[in-house]
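Please work through the exercises below with the sequence and the structure in view. Each task is followed by a solution in steps.

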Amino acid sequence: MNGRQHYNLTLTVLAVAALSYALSQTMVVPALPAIQRELDASTTSVTWVLTVYLLSASIATPILGRLGDMFGKERTLVAVLCLFAVGSVVAALSHTIELLVAGRAIQGAAGAVFPLSFGIIRDEFPRERVATAIGLISATFGIGGGAGLVLSGVIVDHLSYEWI
């Protein structure tokens, strides 16, 4: 332990990071028909918006988790969140299906948020707070996934898929 004293602040930051990833994972699902229509994309092309995110996360998560072990989990988490932000900007500014898929691929690397968060909690928190903190981060994944589906429907109905 390194004597961290602001456990609640640390846990809040980790939960917000996890929530951001979980929301972005599911928010595109209800928007796929609107994306297909707006970008004049084929069904096959538009499915890559979701698939590439999951594929990218599957590949990047173990690699970035290992880099966190080698170079520091906090430093790696900051890099992952910056990568997520870059991917979000690329996706938000895209006006072609190819650029949207590229942005989503970059965003997918943020899947490493979860193992890095668990590692930070395990390394930094007192033993009696570890189980509760890991439970909260795990619950955030489920809550974010469910909320993403609902929020996306509202956003697409009242604004545009681009707001996602």
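The exercises concern a salt-bridge network, a pocket, a surface patch and two single residues.

The model is predicted, so local features need pLDDT of at least 70 and side-chain atom pairs count only at pLDDT 80 or more, while totals for chains, interfaces and linings use all residues. Residues are numbered from 1 along each chain as its sequence is written, and side-chain values use heavy atoms, with hydrogens and water left out.

**Exercise 1.** Determine which residues are joined into one network by salt bridges that share partners.

Solution. Step one is the criterion: a salt bridge is a side-chain nitrogen of Lys or Arg within 4 Å of a carboxyl oxygen of Asp or Glu. The whole structure has 3 of them.

Step two takes the pairs in turn. Between K73 and D69, the closest N and O atoms are 3.5 Å apart. K73 also pairs with D123, with 2.9 Å between the closest N and O atoms. This second pair links distant parts of the chain, 50 residues apart: D123 lies in helix α6 (residues 113–124) and K73 in helix α4. Helices here are DSSP runs of H or I with at least four residues, numbered from the N terminus. D123 further meets R122 in a salt bridge, at 3.9 Å from N to O.

Step three joins the pairs: D69, K73, R122 and D123 form one network through shared partners.

**Exercise 2.** Classify K73, D69 and D123 as buried, partly exposed or exposed.

Solution. First, the limits: buried means under 20% relative accessible area, exposed over 50%, and partly exposed in between (1.4 Å probe, protein chains only). K73 is buried because its relative accessibility is 13%. D69, at 47%, is partly exposed, and D123 is likewise partly exposed, at 33%.

**Exercise 3.** Describe the residues that line the largest pocket.

Solution. A pocket is found on a 1 Å grid over the protein atoms alone, as an open set of points where a 1.4 Å probe fits, with protein on both sides within 12 Å along at least five of seven lines; lining residues have an atom within 4 Å of a point. The largest pocket holds about 230 Å³ of space. Its lining has 15 residues, and those closest to the centre are V28, A91, L100, Y161 and I164. By class, 10 lining residues are nonpolar, 3 polar and 2 charged. Helices α1 (7–26), α4 (73–93) and α5 (97–108) each supply at least two of the lining residues.

**Exercise 4.** State which residues make the nonpolar surface patch, and place L55 in its helix.

Solution. Patch residues have over 30% relative accessible area and no salt bridge, and nonpolar side chains are joined within 5 Å. The patch is made by W48, L55, I59, I63, L67, M70 and F71, and covers about 680 Å². L55 belongs to helix α3 (residues 43–71). With 44% relative accessibility, L55 is partly exposed.

**Exercise 5.** Which backbone angle is notable at D40, and where is D40 found?

Solution. Most residues other than glycine have a negative phi. In D40, phi is positive, near 50°. D40 sits in the loop between α2 (32–38) and α3, and is exposed because its relative accessibility is 71%.

Terms used: Patches are made of residues with over 30% relative accessible area and no salt bridge: like charges are joined within 9 Å, nonpolar side chains (Val, Leu, Ile, Met, Phe, Trp, Tyr) within 5 Å. Accessible areas come from the Shrake-Rupley method with a 1.4 Å probe; for residues, only the protein chains shown count as cover. Grid points are joined across faces, edges and corners, and a volume is the space filled by probe spheres set on the points. Ala, Val, Leu, Ile, Met, Phe, Trp, Tyr, Cys and Pro count as nonpolar, Asp, Glu, Lys and Arg as charged, and the others, Gly among them, as polar.
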